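Grab your viewer and work through a few exercises on helix packing, strand pairing and burial. Try each task yourself before reading the solution.

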Amino acid sequence: MHTLPPLPYAYNALEPFIDAKTLEIHHTKHHQSYVDKLNAALEKYPELQSKTVEGLIKSLDEIPEAIRTTVRNNAGGHFSHTLYWNTMSPTAEEYIPEKLGKAIVETFGSIVEFKEQFSKAAANVFGSGWVWLALSNPEPVEGLVVTTNKKLKIVSTQGHDNPLMTDDKPLMVIDVWEHAYYLHYQNRRPEYIQNWWNIVDWKVVERNYNSLA
Ligand SMILES: [Fe+2]
């Protein structure tokens, strides 16, 4: 059984950037419902119940067709939200640790340019989706364009699709579904994105980077 992970901070801890009511509904209703729907879909498939959420997403082709879309959406929702919670913090510092900071500058030219490109991608997601900082998969995968070196990249996805599906490694993510910001920001998604930078936990993002790079 998959379970809802507890938030690593209180519901009001990310204020004023993300309000307590939004965070509570987002976690206890939205994320919980992805976990519940995933468990319900796997009920009749005991052989899939021991797979991790990442394992399910990476092997969607092997999931029975009857539940494949449900697993894609709800395992995706579970995975994406878990990373989103874990890469935000009320004690986030603006400083990006050296190794990750250097890789960002090498890839995007500067930290400012990276943030601009990322924010623009997040503002431009049509409808519901996510924007990720990810590491390209260096392993050759049939049917996919691959790079020979691991490289940072900004990835936009629709619905609950995510970089695991193309064998890239997600490092951090912003949720731009309306449920992530609408109560406080209404239609002002760019303002939510701008404020979100204040709570990005770079220490966790760097840890994710170091575990993969
Ligand atoms: Fe969400």
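Two strands pair if DSSP finds at least two bridges between them. Keep in mind that this is a predicted model.

**Exercise 1: the sheet**

Task: Work out which order the strands of the open sheet have, and which strands stand at the edges.

Solution:
- Start with a bridge: L135 has K169, in β3, as its bridge partner.
- Next, count the bridges: strand β1 (residues 129-135) and β3 are joined by 6 of them, and the two run antiparallel.
- Now for the whole sheet: its 3 strands come in the order β2-β1-β3, with antiparallel pairing.
- β2 (152-158) and β3 each have a single partner strand, so they are the edges, and one side of each has no neighbour in the sheet.
- As for twist, neighbouring strands here are turned by 25° against each other on average, direction ignored.

**Exercise 2: an edge strand and its surroundings**

Task: Is strand β3 largely enclosed or largely open?

Solution:
- Use the cut-off: a residue is buried if 20 or more other C-beta atoms lie within 10 Å of its own.
- Strand β3 covers residues 169-175, and 6 of its 7 residues are buried.
- So β3 is largely enclosed by the rest of the structure, although one side of β3 is left without a neighbour in the sheet because β3 has a single partner strand.

**Exercise 3: α4 and its two helix partners**

Task: Find how α4 is oriented against α8 and against α5.

Solution:
- Take α8 to begin with: helix α4 (residues 98-108) and helix α8 (residues 202-212) pack at about 80°, with axes 9 Å apart.
- Angles of 65 to 115 degrees count as roughly perpendicular, and therefore α4 and α8 are roughly perpendicular to each other.
- On the α4 side you'll find K99, L100 and A103, which meet W202, V205, E206, Y209 and N210 of α8.
- By class, the residues of that contact split into 5 nonpolar, 1 polar and 2 charged.
- On to helix α5 (residues 111-124): α4 packs against α5 at about 70°, and the axes are 8 Å apart.
- That again makes α4 roughly perpendicular to its partner, here α5.
- G101, I104, V105 and F108 of α4 make this contact with I111, E113, F114 and Q117 of α5.
- The α4 and α5 contact has 5 nonpolar, 2 polar and 1 charged residues.

**Exercise 4: zooming in on V205**

Task: Decide whether V205 is buried or exposed, and list which residues V205 touches.

Solution:
- Locate V205 in helix α8.
- V205 has 22 C-beta neighbours inside 10 Å, so V205 counts as buried.
- Leaving out residues up to four places away in sequence, V205 touches T87, L100, L171, M172 and V200.
- Check one of these contacts: the C-alpha atoms of V205 and L100 are 8.2 Å apart, while 105 residues separate the two along the chain.

**Exercise 5: α1 against α3**

Task: Describe the packing of α1 and α3: what is the angle, and is the crossing left-handed or right-handed?

Solution:
- Helix α1 (residues 20-42) and helix α3 (residues 65-86) pack at about 145°, with axes 8 Å apart.
- Their crossing is left-handed.
- Contact residues include H31, Y34 and L38 of α1, and I67, V71 and H78 of α3.
- The full contact of α1 with α3 divides into 7 nonpolar, 6 polar and 1 charged.

Note on methods. Residues are numbered from 1 along each chain as its sequence is written. This is a predicted model: local features need pLDDT of at least 70, side-chain atom pairs count only at pLDDT 80 or more; totals for chains, interfaces and linings use all residues. A residue is buried if 20 or more other C-beta atoms lie within 10 Å of its own, exposed if 12 or fewer, and partly exposed in between; C-beta atoms are placed from the backbone. Helices (H or I, at least four residues) and strands (E, at least two) are DSSP runs, numbered from the N terminus. Axes are lines fitted to C-alpha atoms, for helices over the stretch in contact, and angles run from 0 to 180 degrees between N-to-C directions. A crossing is left-handed if the near helix is turned anticlockwise from the far one by less than a right angle, and right-handed if clockwise. Two residues are in contact if their C-beta atoms, placed from the backbone, lie within 7 Å. Ala, Val, Leu, Ile, Met, Phe, Trp, Tyr, Cys and Pro count as nonpolar, Asp, Glu, Lys and Arg as charged, and the others, Gly among them, as polar. Angles under 35 degrees count as roughly parallel, over 145 as roughly antiparallel, 65 to 115 as roughly perpendicular and the rest as oblique.
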